[in-house]
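Biologist: Hi, I'm new to this one and would like a quick tour. Can you pull it up so we can chat it through?

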Amino acid sequence: MPSIEAATIDDLRHARPAFWAGRTAACQSSLQIEPAQVQQAVDRLARFAPLLQRLFPELQASAGRIESPLLAAPQMQQVLGLPQSMGQLWVKADHSLPVAGSVKARGGVHEVLEYAEQVALEHGLLADGDYTQLASDAARAVFAQYQVAVGSTGNLGLSIGVMASALGFKAVVHMSADAKEWKKQRLRNRGVQVVEHEGDYAQAVAAGRALAEQDPRCHFVDDEHSLSLLLGYAASAANLVAQIADAGRVVDAKNPLFVYIPCGVGGAPGGVALGLQQVFGPHVHCFFAEPVQSPCFMVEMLAGSGALPELGAHPSVYELGLNNLTEADGLAVPAASELAANVVRGFLGGVYTVEDDTLLRHLCRLHDSEGLRIEPSAAAGFSGPQALLQSAAGQDYLQRQDLMAYMAAATHIVWTTGGLFVPDEEYAKFLARGRELLA
């Protein structure tokens with residue numbers, strides 16, 4: 001009988017749902033991010049809150065904070081067949097995040113604000129510390145001399161484009177072939193220049209990076225290598241800690257927390273995992289969810305642990321014969337962020353893969369059970385509890401971590417990463433396809 005790891009690799013190569021579990025001796029992080037660095041991002045977002053409240057009417061009620069609720073999901077838990085003896089299911093509803101409509105609002109907004117702060121300080125725009133001045137005509141005239149660019153499959157582009165444009169920067173988004181047309185149009189409606197590329201995510205990023213290097217006044221948001229993005233995502237932990245406490249949940253050795261996060265290049269889930277690990281230590285177990293044809297982070301983890309010696313140090317899914325084609329456009333990434341991998345490798349719970357049909361089924365189930373509206377990529381997290389509890393690799397992980405005796409007290413949080421701005425007609429198509437698959 002093949003080993004658990006060998007079976008995982010076989011499933012991976014054949015585009016079948018697979019589960020890889022971490023926290024072994026072979027998993028060691030090579031980059032340490034200090035809590036003070038994450039706190040700087042938290043503080044920056046707080047400083048800019050009055051400005052954001054002025055720029056975006058939808059942030060009036062939250063006083064400029066871009067946040068999402070933590071929702072109990074008892075009906076979805078029942079639909080998924082997750083028994084109460086295995087814990088409670090919750091949803092961190094980043095699909096409803098204002099301004100950008102996805103988890104990318106966290107990191108993307110933070111990096112644009114960090115760059116704006118740098119430019120503003122250089123030009124003496126913050127002499128009295130009043131950040132609302134950055135909405136003035138004088139500030140916009142300064143920002144208009146600079147460009148902010150990014151390569152994206154969609155959601156990060158929306159986040160960067162909307163925030164940069166709102167401040168007055170020239171905003172350029174390089175979009176890959178798999179980006180949804182409605183996302184391109186939404187950016188154009190905001191005055192953002194959209195540059196379309198025939199290739200995949202990696203090619204769009206490379207093209208955008210090359211053009212940005214030619215302009216000293218262009219700041220390129222590099223999803224593969226950006227520490228600012230990562231820290232912006234990590235800043236989410238502070239609010240979630242309060243929400244968990246308000247929900248009456250406890251996280252400690254006898255009350256484990258499991259978090260399931262859709263993963264593209266890895267920056268967003270990597271940052272979220274980092275922030276939660278700094279707060280909860282070994283008591284939080286984060287799992288990244290990827291499409292079966294785009295499992296770049298699982299490939300990166302396996303290669304880094306020596307399990308795929310035939311691959312190079314930073315492999316692509318193409319090297320395993322996979323095609324990187326998926327309905328989950330935001331997750332269609334061929335190679336993982338080395339930055340995110342180097343940060344989370346030592347504490348990541350694991351990575352699992354999901355078929356596109358399953359994404360559509362879960363999208364439909366969540367709509368019917370809890371009335372929540374998400375995009376396909378955001379549905380990837382809902383396969384997590386079952387994958388953890390029913391796969392051989394998941395069972396092995398729970399036993400190695402001595403968690404089996406405490407599962408009744410567990411909290412399972414599925415991070416729904418996008419969906420707010422999906423057009424009605426697009427969402428109706430997703431629902432129809434999900435219902436056909438469930439019939």
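Biologist: How many nonpolar, polar and charged residues are in the lining of the largest pocket?

Modeller: That lining has 13 nonpolar, 8 polar and 3 charged residues. Keep in mind that this is a predicted model.

Biologist: Okay. Which residues lie nearest the centre of that pocket?

Modeller: Pro17, Thr353, Ser383, Gln386 and Ala387 do, out of 24 lining residues. The pocket's volume is about 420 Å³.

Biologist: And which element gives the largest share of the lining?

Modeller: Helix α1, with 4 residues. The elements that each supply at least two residues include α1 (4–13), α3 (74–80) and β10 (350–354). Further along the chain, α14 (356–370), α15 (384–390) and α16 (392–400) do so too.

Biologist: What about the second largest pocket, how much space lies in there?

Modeller: About 340 Å³. It's lined by 17 residues, and Leu45, Arg65, Ile66, Glu67 and Ala235 lie nearest its centre. By class, the lining divides into 10 nonpolar, 4 polar and 3 charged.

Biologist: Which elements each supply at least two residues there?

Modeller: Those are α2, α4 (104–122) and α10 (236–246). The largest share is from α2, which gives 5 residues.

Biologist: Let's step back to the whole chain. What domains is it divided into?

Modeller: There's domain 1, made of 4–37 + 46–100 + 228–437, and domain 2, which covers 103–225. The second largest pocket draws at least three lining residues from each of them.

Biologist: How many residues of each domain are in contact with the other?

Modeller: 42 residues of domain 1 are in contact with 39 residues of domain 2. Taken over C-alpha atoms, the domain centres are 25 Å apart.

Biologist: Switching to cavities now. How many are there of 30 Å³ or more?

Modeller: The structure holds 4 of them. The largest has about 180 Å³ of space.

Biologist: What lines that largest one?

Modeller: 21 residues, with Lys104, Asn155, Gly264, Gly330 and Leu331 lying nearest the centre. Two or more lining residues come from α6 and also from α11 (267–280). The split by class is 10 nonpolar, 8 polar and 3 charged.

Biologist: And where does the largest cavity lie relative to domain 1 and domain 2?

Modeller: Between them, because both domain 1 and domain 2 give residues to its lining.

Biologist: You've mentioned α2 and α6 along the way. At what angle do their axes cross?

Modeller: Roughly 90°, and the axes of α2 (residues 35–55) and α6 (residues 155–167) come within 11 Å. Angles of 65 to 115 degrees count as roughly perpendicular, so α2 is roughly perpendicular to α6.

Biologist: Which residues make the contact?

Modeller: On α2 they're Leu51, Leu52 and Leu55, and on α6 they're Met163, Ala166 and Leu167.

Biologist: How does that contact look by class?

Modeller: It has 6 nonpolar residues, with no polar and no charged ones.

Biologist: Nice. Before I go, remind me what to look at for α2 and α6.

Modeller: For α2, look at the second largest pocket, where this helix gives the largest share of the lining. For α6, look at the largest cavity, where this helix is one of the elements giving two or more lining residues. Then look at where the two helices cross, at roughly 90°.

Definitions and conventions:
Residues numbered from 1 in each chain as written. Predicted model: local features only at pLDDT ≥ 70, side-chain atom pairs only at ≥ 80, totals over all residues. Heavy atoms only, no water. Axes fitted to C-alpha atoms, helices over the stretch in contact; angles between N-to-C directions. Parallel < 35°, antiparallel > 145°, perpendicular 65-115°, else oblique. Contact = heavy atoms within 4.5 Å. Nonpolar A, V, L, I, M, F, W, Y, C, P; charged D, E, K, R; others polar. 1 Å grid on protein atoms, 1.4 Å probe; cavity = no way out; pocket = protein on both sides within 12 Å on 5 of 7 lines; lining within 4 Å. Points joined across faces, edges and corners; volume = space filled by probe spheres on them. Domains from an automatic or database assignment.
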